[in-house]
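Me: Let's go through this model by question and answer. Keep the replies brisk.

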Amino acid sequence: MAFHLIILLSLPLLTSFPSTTESKLTPNYYQKTCPKFPEIIRQIVQDKQLAAPTTAAATLRLLFHDCLVEGCDASILVATNAFNKAERDADINLSLSGDGFDLVTRVKTALELECPGIVSCADILATAARDLVTIEGGPYYPVRLGRKDGLVSRADQVEGNLPRPNMPLSQIIALFASKKFSVQELVALVGAHTIGFAHCAQFSNRIFNFSKKSEFDPAYNPKFAAGLRKLCENYTRDPSMSAFNDVMTPNKFDNMYYKNLQRGMALLASDQALATDKRTKPHVDLYAANQTKFFQDFAHVMEKLSVQKVKTGRKGEVRRRCDAFNSLKTT
């Protein structure tokens, strides 16, 4: 039975002089107002990951798709209504796994019982993603808290802010540069693909009728390509058919993803390009050889990502429900 699963997609520490908005965030933000916050979220995250092993990858991808579009403000969680088509219904977000949304909902429900109206959905998502990385064997990194939930979520704001699987690498590098991420930070961040899946439809053009000379992309390891062709042969009838991003250690957060890139075992063309392009190859080779360095750099870039254009004060709100603004907007 095909898995209903998803992909997901060095560094200096964050600048010594954080922006005024970032400086309002602190790891102990809920220490007095909701002291059980870390305990509650940790337990729910553990239970959800145990019940649904796709949760870690799904939540990481959800955070990524949230933060790169108008900042880390939980706008990706808002549901479409009669007056507004929300971010989550933009075409690139339709494949986001339900496990990430479900996890945030579970945590929010528990926290509203413990400390009503205190913890934002944006803080829940950022913290849950970090906890899941750690559970899967990845690095721990501090998450500063105090984000407010955004007041806008529009599908028409998504295009151009997120990389697509077949996007040329130069375009991806430019996209991340526009958001103040270096090439090295990009390569480290994509290491999140060490867990999770990609749907066959996202790489089918590389394994079926690739060219007149080859059925599959010659950049693939031939045996790997043959396995993918067999796995995905019925993907047009079953769009949920998927493959592991990391076929060697799919449920472990490690540096195997980079080793797989070197072996021609990347599902997506954009990932495989990292191993050959002169701008990214040195970083791929470094992380493939040194997991400690990858963990260090991944932790730093996740810290940076999780404070992208955060809202504080009156620029946001603490939603009562993560999928709806507190006040219905009709315009």
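The turns below cover the overall fold, one helix, two residues and a cavity of this predicted model.

Me: How compact is the chain, and what is its radius of gyration?
Reply: The chain holds 13 helices and two strands. For 331 residues the globule rule gives 20 Å, and the chain comes close to that, so it is as compact as a globular protein of that length. Its radius of gyration is 20 Å.

Me: What percentage of the residues in the chain is buried?
Reply: Buried means under 20% relative accessible area. Of the 331 residues in the chain, the share that meets this is 56%.

Me: How far apart are the end C-alpha atoms of helix 4?
Reply: Helix 4 covers residues 98-114, which is 17 residues. At 1.5 Å a residue, the span should be 24 Å. The model agrees with this: the end C-alpha atoms are separated by 25 Å.

Me: Which helices help cover the buried residues of helix 4?
Reply: The buried residues of helix 4 include Leu103, Val104, Val107, Lys108 and Leu111. Residues three or four places apart in an α-helix point the same way, because there are 3.6 residues a turn. The cover over the buried residues includes helix 2 (37-51), helix 3 (55-67) and helix 5 (121-135).

Me: Is Thr127 buried or exposed?
Reply: Thr127 sits in helix 5. Beyond its neighbours within four places in sequence, Thr127 contacts Phe37, Ile41, Val143 and Leu145. Its relative accessible area is 4%, and the cut-off is under 20%, so Thr127 is buried.

Me: How does Val152 count by relative accessibility?
Reply: Val152 lies in the loop between helix 5 and helix 6 (169-178). Leaving out residues up to four places away in sequence, Val152 touches Ser75, Glu87, Gln157 and Phe325. Its relative accessibility is 41%, which falls between the 20% and 50% cut-offs, so Val152 counts as partly exposed.

Me: What separates the C-alpha atoms of Val152 and Asp131?
Reply: Along the chain, Val152 and Asp131 are 21 residues apart. In space, their C-alpha atoms are separated by 27 Å.

Me: Which helix gives the largest share of the lining of the second largest cavity?
Reply: The second largest cavity has a volume of about 50 Å³. Its lining includes His193, Asn245, Tyr257, Asn260, Leu261 and Asp271. By type, the lining residues divide into six nonpolar, three polar and one charged. The largest share, three residues, comes from helix 10 (residues 256-262).

Definitions and conventions. Residues are numbered from 1 along each chain as its sequence is written. This is a predicted model: local features need pLDDT of at least 70, side-chain atom pairs count only at pLDDT 80 or more; totals for chains, interfaces and linings use all residues. Side-chain values use heavy atoms; hydrogens and water are left out. On a 1 Å grid over the protein atoms alone, a cavity is a set of points where a 1.4 Å probe fits but cannot get out, and a pocket is an open set with protein on both sides within 12 Å along at least five of seven lines; lining residues have an atom within 4 Å of a point. Grid points are joined across faces, edges and corners, and a volume is the space filled by probe spheres set on the points. Helices (H or I, at least four residues) and strands (E, at least two) are DSSP runs, numbered from the N terminus. Ala, Val, Leu, Ile, Met, Phe, Trp, Tyr, Cys and Pro count as nonpolar, Asp, Glu, Lys and Arg as charged, and the others, Gly among them, as polar. The expected span of a helix is 1.5 Å times one less than its number of residues. Buried means under 20% relative accessible area, exposed over 50%, partly exposed in between (1.4 Å probe, protein chains only). Contact means heavy atoms within 4.5 Å. The radius of gyration is taken over C-alpha atoms; the globule rule is 2.2 Å times the number of residues to the power 0.38.
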